[in-house]
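Please open the structure in your viewer and keep the selection tool at hand, since this tour moves from one aromatic side chain to the next.

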Amino acid sequence: MTYKDLAELIFPSITKTPEDYENIYPERSLSEGAKVVRFAPSPTGFMHIGNMMSAVINYVLARGSKGIFYVRNEDTDQARTVEGALDFIHHTLKYYDIYPDEYEYNDKQAGNYGPYVQSERMEIYHAFVKHLISIGKAYPCFLTPEELTEIREYQTKSKKRIGIYGKYAKCRDITPEEAIKRIKAGEKFVIRFKSEGDFNKKFVFEDLVQGKIEFPENDLDVPIMKSGDLLPTYHFAHLVDDHLMRTTHVVRGQEWMSSVPLHYELFHAFGYKMPKYIHTSLILKKDEETGAIRKISKRKDPEALMFFYEEKGYPILAVIDAVMTIANSNYEEWRTNHPDTPFYEFPFSPKKMSPSGALFDLDKLDNISKNFISKMKAEDLYHDYLTWAKKYDEHIYDVISKYKDETIAFLNIERETKKPRKDYENYLAIFPKSWYMYDEEWDRELEYEFGKITDKEEIVIVMEEYLNNVYDSNDMQDEWFNKIKVLAEKLGYAGDMKEYRESPDNYKGNVADFTTIMRVVLTTKAMTPNLYDIMNILGKDKMFKRLEILKEKY
RNA sequence: GGCUCGUUGGUGAAAUGGUUAACACAUUGCCCUCUCAAGGCAACAUUCAUGGGUUCAAAUCCCAUACGAGUCACCA
């Protein structure tokens, strides 16, 4: 009996060979330099910032080279699959408008290199495993979990390298006859790759981020197919899928670095060309309690999960810019020089990726986002704000729908100038800074933030005097302010700041104190955008209404 | 413990053997000013984890040490 018989016994119904698949999935005909990349998440958790970075880099690489970006669903770990994780991945890609060229999701699919779901590719993997067994490069291993832990414990105790290699690979030299016998007897087994590497020999691997790295050869007989569901392990699926889908560049987290020797041997065993690798740095986080630097955690850090940014209403392009800024140290400078160029036209260079992990900085995101929002047209901002509110805050949605024009006018204050206001880092931040524009909101508990002048009688006098005798909605801003100064002086306030500084005791206060009175009556807030604009948006009637509320509640 | 990578200010980082170690964020101060925001100006690493070496010259090259990270599953 031969290895061929053994292979036949394990995979009786597999008739295709790796060569057949070679013809089914031919080399792609793309233009020179086109990159074929993939985003290959496993649906075992919700999409997080690290996934996002990987997806964005892939997208940029593909778009920038007129290549192909595809998504592959790596669902080989059925037990750990999380309900809804896949949906969220697709939702997020769509939300950020980085949807792939090729994919398979629900009943939709695109691309000729599918299936793009690993659990649907069983026959393909089995053909490759079968081939390996039939030439004696893979073998069934009958070691039980107990035996495996025993080996590991022994190795740990005696400070040996851990793993199945050399004399620990007990099933490696089992003859086909015996293997067939044991399989027929119903023994459980995994298929292990029969490594021919030598741990004492080195080879040089070139990573696009880290440069040349010297590794010892792999000599571990790693499982390539699991026993129960006969699904491949990650390593084997990586080989088969990325070869057959003709991937040119693999973008993956640095945690994969250490399995490079294995992948190197696997690709060489089939004589396939390895793709190029971009091992991205981890996103780290300083733990607030312990101060320790650690991998960003889905549990402890809400900002790790992509829900966070959507719920808070960060503009999608701001998030992408923030991610790109971490991903590539050149990006920030490029962005300031090309403020209006789409991010995917950025000439991404893996060499400019940081080889060490970066702390994710929410302050930086806020800054990027504030800048971004400040440059939006008020109508566009309103539109996005409304869309966000519709999903995340019904109350805000109702209010701003009702007061569309007022909202846009408010958002437009000191916008569209050379140096626009930078008030909001996300849509969630808008309402707390604008609620006072809406009549309905004045039912709430009010906290008047009066400053120097707190006397109710004085406040009422100032307001009545101003609203009845001074305010004119036709005034331009200069005139508006001049009139305020005149009234301020009439009522005992310094109209001129310098004068006031020289002899503050001669006055009740200065113009700033004076406008603060009006500002707080109209908004309850001591800090608001330009009062002139706020007054014009409110109009005289509402201003009187606010005064009445003050009389009652203050 | 083995293998691999990393270590420049509070954060992200530039600099790839050669004057005062870019820039951005954050922080602080001043100016401007009807508040705020924005803006302008300024401050913020006598020093590039530590110790040795190479060199006329080192954050940059070499060695050692320390510390940190990743990985060592029939998980990806």
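Begin by selecting Y532, which counts as buried at 9% relative accessibility; please keep in mind throughout that the model you are looking at is predicted.

Now add W480 to the selection, a residue that is likewise classed as buried, with a relative accessibility of 6%. Before going on, it helps to know that two aromatic rings are described by the distance between their centres and the angle between their planes.

The structure as a whole holds 41 aromatic pairs. The two residues you have selected, W480 and Y532, form an edge-to-face pair, with 5.4 Å from centre to centre and 70° between the planes. If you colour the helices, you will find W480 in helix α18, which covers residues 477-490, and Y532 in helix α21, which covers residues 531-553, so that this pair, with its members 52 residues apart, links distant parts of the chain.

Next, select Y99 together with Y103, whose ring centres lie 5.0 Å apart; their planes meet at 75°, and the pair is therefore edge-to-face, because the angle is over 60 degrees. Of these two, Y103 is buried, with a relative accessible area of 14%, which is under the 20% cut-off.

For a wider view, select Y21, Y25, Y113, F128, F270 and Y272, which ring pairs link into a cluster. Staying with Y113, add R28, which lies over the face of that ring at 3.9 Å from the ring centre.

Finally, move to F199 and show R161 beside it: the charged end of R161 sits over the ring of F199, 3.6 Å from the centre of that ring.

Technical notes. Residues are numbered from 1 along each chain as its sequence is written. Chains are lettered from A and ligands numbered from 1 in the order in which they are written. This is a predicted model: local features need pLDDT of at least 70, side-chain atom pairs count only at pLDDT 80 or more; totals for chains, interfaces and linings use all residues. Side-chain values use heavy atoms; hydrogens and water are left out. Rings of Phe, Tyr and Trp (its six-membered ring) pair if their centres lie within 6.5 Å; planes under 30 degrees apart count as stacked, over 60 as edge-to-face and the rest as tilted. Buried means under 20% relative accessible area, exposed over 50%, partly exposed in between (1.4 Å probe, protein chains only). Helices (H or I, at least four residues) and strands (E, at least two) are DSSP runs, numbered from the N terminus. A charge sits over a ring if NZ of Lys or CZ of Arg is within 6 Å of the ring centre and within 35 degrees of the ring normal.
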